[in-house]
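Open the viewer, show the side chains as sticks, and keep the selection box handy. This tour goes stop by stop, telling you what to pick next and what you will find there.

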Amino acid sequence: FGDSRAGLEILQKGGREKTYLLKRFLNPTPRVKEGVEAAKLGVKCGTDVSDGLVFNLYTIANASGVAVYLMKERIPISGELLNFTGSFEIALNYALFGGEDYELIITFHPSLLDKIEKFGFKVVGEVFEGKGVYLENEKLYSQHTIAAYIGDLSEFFLYAKKDVISVKEIDIRRYIEFLYDTDKERTTINR
């Protein structure tokens with residue numbers, strides 16, 4: 001995971017050398033055979049990772065009413081990506097949020113583990129009761145959610161006409177009232 005994001009960065013910076021990362025961006029390998037085999041085994045839930053691992057896991061978690069817990073040491077990160085980023089943490093961020101990898105993620109009953117691994121799938125986490133996607137107990141947010149929070153904060157500071165240090169509780173309460181009065185979406189108000 002994350003190779004395609006690095007390939008895109010290489011291309012955006014004018015790189016044209018046929019590197020592994022650039023190939024992963026320009027010519028992703030569809031995992032059709034693996035998906036067909038997983039379905040034959042009885043797997044009923046899966047998707048490709050086109051929007052980023054976390055975003056696509058959120059899609060599964062929300063649709064299924066469950067929580068997904070990822071284990072960072074199990075998330076496949078190529079040596080090429082590690083070399084490109086120079087850091088495991090940055091490479092992990094690419095793997096979690098990069099997108100365009102077109103790998104498959106599936107959920108399955110533990111009794112299928114040995115058969116699933118024979119088709120090249122790697123276990124990167126577990127499904128539990130709850131909501132959301134977590135990386136070793138830390139809740140992850142998609143880039144879309146983070147952008148929404150940043151937008152909300154920007155709007156608040158424009159409204160308050162103050163910097164962070166001088167904001168008081170009453171300013172926040174008045175802003176929430178303002179949001180209700182202007183019929184803002186409930187998700188915006190809740191954030």
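What volume does the largest pocket have? About 900 Å³. Bear in mind throughout that you are looking at a predicted model.

**Stop 1: the pocket**

Select Ile106, Phe121, Lys122, Val123 and Val124: of the 35 residues in the pocket lining, these are the closest to the centre. Next, colour the elements that give two or more residues to that lining: the helices α2 (20-26), α4 (53-64) and α7 (113-117), together with the strands β2 (66-70), β3 (104-107) and β4 (125-129). Which of the elements gives the most to the lining? That is β3, with 4 residues. If you now colour the lining by class, you will find 22 nonpolar residues, 5 polar ones and 8 charged ones.

**Stop 2: the nonpolar cores**

In soluble globular proteins, nonpolar side chains tend to be buried together. To see this here, select Leu53, Leu70, Ile75 and Leu96, the residues with the most contacts inside the largest nonpolar core, which has 28 residues. At least two residues of this core come from each of α1 (3-12), α4, β2, α6 (88-97) and β5 (132-135).

Centre the view on Ile75. Setting aside residues up to four places away in sequence, Ile75 touches Phe1, Leu53, Leu70, Leu92, Ala95, Leu96, Val124 and Leu135. Val124 is a residue you have already selected, as one of those closest to the centre of the pocket.

A second core, separate from this one, has 6 residues, among them Ala38, Ile106, Leu112 and Phe121. Ile106 and Phe121 should also look familiar from the pocket, where both are among the residues closest to the centre.

**Stop 3: helix α1**

Which residues of α1 are buried? Select Asp3, Ser4, Ala6, Gly7, Glu9 and Ile10. Then show α2, α5 (79-85) and α6, which are among the elements that cover them.

Zoom in on Ser4, a residue of helix α1. Its relative accessible area is 1%, so Ser4 falls well within the buried class, which takes residues under 20%. Leaving out neighbours within four places in sequence, Ser4 is in contact with Arg24, Phe25, Gly99, Glu100 and Asp101. Before moving on, step past the end of α1 to Gly14, which has a positive phi near 90°.

**Stop 4: the salt bridges**

How many salt bridges does the structure hold? There are 6. Start with Glu103 and Arg24, whose closest N and O atoms are 3.0 Å apart. This pair joins distant parts of the chain, with Glu103 in the loop between α6 and β3 and Arg24 in helix α2, 79 residues apart. Glu103 counts as buried at 15% relative accessibility, and Arg24 also counts as buried, at 11%.

Keep Glu103 selected and add Arg31: their side chains form a salt bridge with an N to O distance of 2.9 Å. Here too distant parts of the chain are linked, 72 residues apart, with Arg31 in the loop between α2 and α3 (32-40). Arg31 is partly exposed, its relative accessible area being 25%. Now add Asp3 to the selection, and you have a network of salt bridges linking Asp3, Arg24, Arg31 and Glu103.

For a salt bridge within one helix, go to Lys40 and Glu37, which meet at 3.6 Å, N to O. Both lie in helix α3, 3 residues apart, about one turn of the helix. Is Lys40 buried or exposed? Lys40 counts as exposed, at 63% relative accessibility.

**Stop 5: the loop between α6 and β3**

Return to the loop that holds Glu103 and select Glu100 and Tyr102. Check their backbone: Glu100 has a positive phi near 65° without being a glycine, and Tyr102, not a glycine either, has a positive phi of about 55°. Glu100 is partly exposed at 34% relative accessibility, and Tyr102 is partly exposed at 31%.

**Last stop: Asn62**

Finish in helix α4, where you will find Asn62. This residue counts as exposed, at 56% relative accessibility. Draw a distance from its C-alpha to that of Val133: the two are 9.5 Å apart in space, although 71 residues separate them in sequence.

Key
Residues numbered from 1 in each chain as written. Predicted model: local features only at pLDDT ≥ 70, side-chain atom pairs only at ≥ 80, totals over all residues. Heavy atoms only, no water. 1 Å grid on protein atoms, 1.4 Å probe; cavity = no way out; pocket = protein on both sides within 12 Å on 5 of 7 lines; lining within 4 Å. Points joined across faces, edges and corners; volume = space filled by probe spheres on them. Nonpolar A, V, L, I, M, F, W, Y, C, P; charged D, E, K, R; others polar. Core = buried A, V, L, I, M, F, W, Y, C linked by side-chain atoms within 4.5 Å. Buried < 20%, exposed > 50% of the residue type's maximum accessible area, 1.4 Å probe, protein only. Contact = heavy atoms within 4.5 Å. Salt bridge = Lys/Arg side-chain N within 4 Å of Asp/Glu carboxyl O.
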